[in-house]
Amino acid sequence: MTELTEPRASISAAEFAEGVRKRLVQRWGVDEAAASPVQIYQAASQLVRDRMAPSWKCSNRRMAEGTTRTVGYLSAEYLLGRQLPNALLDAGMTDQFNEAMRELGFDPDDVIEAEHEPGLGNGGLGRLAACFMDSLASLDLPAIGYGIRYRYGIFEQVFDANGRQSEKPDDWLSAGDAWGYRQTERAQRVAFGGQVTEQGGHRVWHPAWSVQAVPYDYPIPGYASGRINTLRLWQSEALDGFDLQRFNQSDYGGAVQAQVRANTISAILYPEDSNTDGKRLRLEQQYFFVAASLADAIATFYHGQAHPDLSALPDHICFQLNDTHPVIGIAELMRILLDDFGYEWAQAWEITQRTFNYTCHTLLPEALEEWPRSLFAELLPRHMEIIERIDADFVRYLRDEQVDQERIDAMRIITRGEDPTIRMAYLATVGSTKVNGVAQLHSRLLQEVTLRDFHTVYPGKFTNVTNGVTPRRFMRLANPRLSDLITEGLGTDSWVADLSKLSGLEPLADDDGFVARFMHVKDDNKRDFALYAQRRYGFSPDPSTMFDVMVKRLHEYKRQSLKILAVIADYSDIIAGGSDNHRAQPRTVIFGAKAAPGYAMAKLTIQLINNVARVINADPRTDGLLKVYFPANYNISMAEHLIPATDLDEQISQAGKEASGTSNMKFALNGALTVGTLDGANVEIREKVGAENFFAFGLNVDQVHALDAEGYAPMAYYDKDARLRAAIDMVASGAFSHGDRDTYRKLVQDWLKHDQFMVMADFGAYMDAQRRIDQAYRQPDQWARKAILNIARCGSFSSDRAVEDYLTRIWMPGTRR
Ligand code: OAK
């Protein structure tokens with residue numbers, strides 16, 4: 001289908017098919033007639049992986065031996081998405097693959113879809129890590145990603161008959177791992193617990209138990225760069241897996257006890273998004289992967305050296321801390337330098353600070369991780385001592401700087417009082433060279449609010465790097481039609497590696513032929529999505545309606561409830577037979593969202609959305625006007641189908657709560673218009689695309705603060721606004737709960753009495769924005785023109801640009817590429 005050129009690969013389709021046949025026989029003893037799509041997928045992946053191997057080896061060697069500082073990305077999450085299509089694109093083998101599959105009697109799409117996407121992340125932070133890995137390799141930068149090879153990734157979401165979410169384990173490895181290479185010889189021992197004693201003037205840690213961290217290496221190919229970086233994910237295993245003695249005494253459980261305990265550490269991704277929870281296991285996970293990664297990095301750059309000069313460590317590698325999950329690395333590097341290599345405190349601290357940088361991804365106070373001191377001391381007693389010393393030194397420094405006592409107490413890494421905690425964001429800030437937020441507004445709020453005192457003390461430490469997304473996966477792969485059109489318009493496909501080139505499309509927004517072709521692309525994508533939705537989920541959205549989409553984690557601050565209340569208000573208007581303008585503009589509203597399993601309010605919102613969809617879709621009065629769908633288990637693969645088909649993207653968080661957002665970038669780059677608050681990166685997107693090409697609404701950050709200060713009373717909005725009253729009354733009346741008035745009582749009470757994220761206050765402005773949107777959509781060529789301008793002006797939201805910013809502002813300041 002695609003006409004785009006790819007980097008040349010010296011393999012023909014016939015050779016590709018032959019390679020697959022060979023692997024089918026070798027691995028399973030089957031030919032293509034007997035093979036399943038999963039086996040074909042496995043064999044094709046193995047072939048692609050094998051062909052990458054020489055370049056991979058070469059990139060690894062260049063990383064270990066080169067003079068360029070390597071980036072060590074430390075992240076508890078990588079939300080990778082399917083690997084095969086991306087690897088084919090980067091290796092220039094897509095066409096050969098497609099032809100080979102047909103020759104073998106398979107639909108290429110079926111083979112691609114046979115891959116169970118590795119969902120080793122919750123949401124934005126994990127997907128950003130995956131985009132950055134792609135960009136680092138594509139920009140030919142030496143980098144290694146470190147994380148955890150969770151046995152079970154982000155849960156599979158299912159809805160029951162009442163529309164409630166339940167969770168099933170994500171058994172992503174059940175059919176085998178086509179991409180990970182087990183590297184037993186690089187395994188590391190990771191220790192926990194025990195005591196610390198004084199021996200000859202040294203502190204000596206005697207851990208109580210240890211596990212083995214075994215790495216699995218995943219190739220991260222660059223687009224057209226020839227570089228293949230490594231994502232090294234650690235799996236936790238017992239050192240002595242099986243206790244034969246206990247087994248022989250018929251203690252079968254006891255025989256595998258150590259194995260079970262060790263395996264638990266990497267068993268499951270915590271399904272928490274922007275939230276902390278104080279699970280001991282989570283702390284074990286964090287220390288597990290960070291300790292293994294630091295030891296691995298030292299082994300890589302000081303291979304076999306008895307007396308390595310670790311003062312040069314930060315010249316070899318700098319670690320980027322992806323939020324607070326890996327921040328224990330600061331204490332671990334100190335421990336290594338002090339205890340394992342005998343460095344003095346001052347020098348160890350200097351090396352450590354130069355080695356780490358910290359990215360904060362939140363503004364929610366509850367998302368700033370804190371560990372109870374008691375738990376921490378029990379699990380990592382030596383690290384506790386080290387953090388105490390860091391804290392004490394920091395307090396001394398603040399005193400020297402004449403900071404007053406109240407402020408010092410507010411800034412301490414370890415809180416005072418009865419149940420002291422360790423504030424990981426503070427440790428990260430003190431122990432890093434640079435601290436960055438992920439959008440301009442977010443970085444400003446970090447400096448002015450969340451980490452204000454730290455910014456006062458260390459103004460030079462803080463910087464911003466606005467997020468970005470990879471154009472390879474989210475444009476070139478997800479949207480081949482649009483990609484072809486862009487390439488045609490620009491006369492080159494070089495935009496895939498340099499997204500700033502999209503600005504060349506700007507004049508084409510006034511070219512009627514190009515605009516018409518763009519509209520065709522969008523229509524075709526909508527039709528494709530309708531077919532996909534029919535096949536996958538059993539619903540069939542009408543492509544002649546506006547596709548109005550809200551996909552993201554379910555969280556109160558993101559305000560899915562604002563969207564669903566607006567939908568209900570429209571529904572109420574339709575059934576009242578109102579002649580409101582919007583009735584002329586048919587819409588299909590599509591939600592996608594997972595709620596953290598323990599987050600009751602989020603789960604109730606999911607139930608409400610599902611039941612609103614049930615009622616509306618069954619009501620013939622809405623035919624041709626309004627339909628609502630909520631396909632379960634939103635993930636990267638669904639995003640790749642849905643985003644290219646979207647007309648309107650909903651980014652409606654309360655201003656000052658969404659750190660950046662990255663789906664907003666993906667939608668704009670795929671020619672959707674945004675309805676959004678002035679929050680996160682929305683602000684920058686609007687600035688770039690122009691206010692006339694973005695539907696902004698609602699309170700800004702200052703207005704939110706002012707309203708808070710004057711005393712927010714949500715009920716007043718209910719009293720004033722008939723549309724809002726109609727919607728809330730409908731929910732309260734049991735219209736979406738088979739007449740039961742109790743089902744959503746908690747939600748209704750919250751809206752009217754509490755409403756932490758000011759849904760009520762923004763409702764009126766949001767409804768008005770939606771009516772402006774209806775008006776605009778009624779002029780399809782004008783709408784398309786705006787969409788083209790969104791694409792043309794959003795080139796800077798490439799993760800390539802973000803990585804370049806990290807390079808010049810954080811990893812290699814002072815250098816220009
Ligand atoms: C997850 C756990 C703890 C703290 C933050 C997160 C997280 O996913 N944050 C999200 O990061 C994205 C990438 O920077 C941002 O685009 C989102 O706004 C932010 O919520």
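These legends walk you through close-up views of a predicted model, from its domains to its ligand. Local features need pLDDT of at least 70 and side-chain atom pairs count only at pLDDT 80 or more, while totals for chains, interfaces and linings use all residues. Residues are numbered from 1 along each chain as its sequence is written, and side-chain values use heavy atoms, with hydrogens and water left out.

**View 1. The protein divides into three parts: domain 1, domain 2 and domain 3.** Domain 1 takes in 1-66 + 84-116, domain 2 covers 71-81 + 120-467 + 804-811, and domain 3 runs over 481-797. These bounds come from an automatic or database domain assignment. Between the C-alpha centres of domain 2 and domain 3 there are 35 Å.

**View 2. Domain 2 meets domain 3.** Here 33 residues of domain 2 are in contact with 38 residues of domain 3 (contact means heavy atoms within 4.5 Å). The two domains bury about 2900 Å² between them, and 59% of that lies on carbon and sulfur atoms; buried area is the accessible area (1.4 Å probe) that two parts lose on being put together, summed over both. On the domain 2 side, Gln-157, Phe-159 and Leu-441 lose the most area to domain 3, together 18% of what that side buries.

**View 3. Polar pairs and a salt bridge.** Across the interface of domain 2 and domain 3, 11 residue pairs are in polar contact, both residues at pLDDT 80 or more. A polar contact is a pair of N or O atoms within 3.5 Å; within protein, one must be able to donate a hydrogen and the other to accept it, and residues adjacent in sequence count only if both atoms are side-chain atoms. The count of salt bridges between these domains is 1 (a side-chain nitrogen of Lys or Arg within 4 Å of a carboxyl oxygen of Asp or Glu). Look also for the side chains of Lys-603 and Glu-167, which form a salt bridge at 2.8 Å, N to O.

**View 4. The ligand sits between two domains, because domain 2 and domain 3 both give residues to the shell around it.** Of the 16 residues around the ligand, His-361, Asn-467, Glu-658, Ser-660 and Gly-661 come nearest (a residue is near if one of its heavy atoms lies within 4 Å). A polar side-chain atom of Glu-658 is 2.6 Å from a ligand oxygen atom.
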